[in-house]
Amino acid sequence: MLAITLLSTALTAHAVTNNPRVELETDLGTIELVLYADKAPKTVENFLAYVDSGFYDGTIFHRVIPGFMAQGGGYTFDFQEKPTRDPVENESGNGLSNARATIAMARTNDPNSATAQFYINLVDNSRLDGSAERPGYTVFGKVLLGMSVVQQIAAEPRGQHRAFPDAPNMPVRILKARSKVTDTGGSKQ
């Protein structure tokens, strides 16, 4: 049992140190993500391109459903949809599950329609995983630090915006999204 625990800890440490990290500074605090480039390379590349271009700065969490997920990355604080790049290929068959605290790509019914919007799972949502019969939603990372911030976002009152009934009444913005350097532990400047 001890060997399994040590192996699990070592694999987690390896994933944290050898995969890209992103910091989302929000109105309610900072969320740090570790991205699984080894499991979802096209999705991580797509997400990092949006981060590095400043696309997410000023976007909001526009769809928050307590007990399910918090979705953001597509709309400004005044609910204007931002123009996106071309969609990324669905990578939901990568072995990752929509478990609590994971981040995944939002999409339409077309499995290959994900662009910039993402969601953070508030609970285990394995029903969103892919199967042999149907593609799922691509998980590409996990909240490393700041899940309490995500829970605060989920606790915000909602329902004031008729066209976006699941949006928090007071917009919760991503003030700044930035890639973090993983080999030295410092932030990119």
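Colleague: Is Ala 101 buried or exposed?
Modeller: Ala 101 counts as buried because its relative accessibility is 5% (buried is under 20% relative accessible area, exposed over 50%, 1.4 Å probe, protein chains only). This is a predicted model, in which local features need pLDDT of at least 70 and side-chain atom pairs 80 or more, while totals for chains, interfaces and linings use all residues. Residues are numbered from 1 along each chain, and side-chain values use heavy atoms, without hydrogens and water.

Colleague: And what is the phi of Ala 101?
Modeller: The phi of Ala 101 is positive, near 80°, although the residue is not a glycine. Ala 101 sits in the loop between S4 and S5 (strands are DSSP E runs of at least two residues, numbered from the N terminus).

Colleague: Which residue in the loop between S4 and strand S5 should I look at next?
Modeller: Phe 79 lies in that loop, before strand S5 (102-105). Phe 79, not a glycine, has a positive phi of about 65°, and it counts as buried because its relative accessibility is 18%.

Colleague: Changing topic, how many cavities of 30 Å³ or more are there?
Modeller: The structure holds one (on a 1 Å grid over the protein atoms alone, a set of points where a 1.4 Å probe fits but cannot get out; lining residues have an atom within 4 Å of a point). The largest cavity has about 50 Å³ of space, the volume being that filled by probe spheres set on points joined across faces, edges and corners.

Colleague: Which residues line the largest cavity?
Modeller: The lining includes Thr 43, Val 88, Glu 89, Asn 90 and Glu 91. Met 105, Arg 107, Pro 111, Ala 114, Tyr 137 and Thr 138 also belong to the lining.

Definitions and conventions: 1 Å grid on protein atoms, 1.4 Å probe; cavity = no way out; pocket = protein on both sides within 12 Å on 5 of 7 lines; lining within 4 Å. Helix = DSSP H or I, 4+ residues; strand = E, 2+ residues; numbered from the N terminus.
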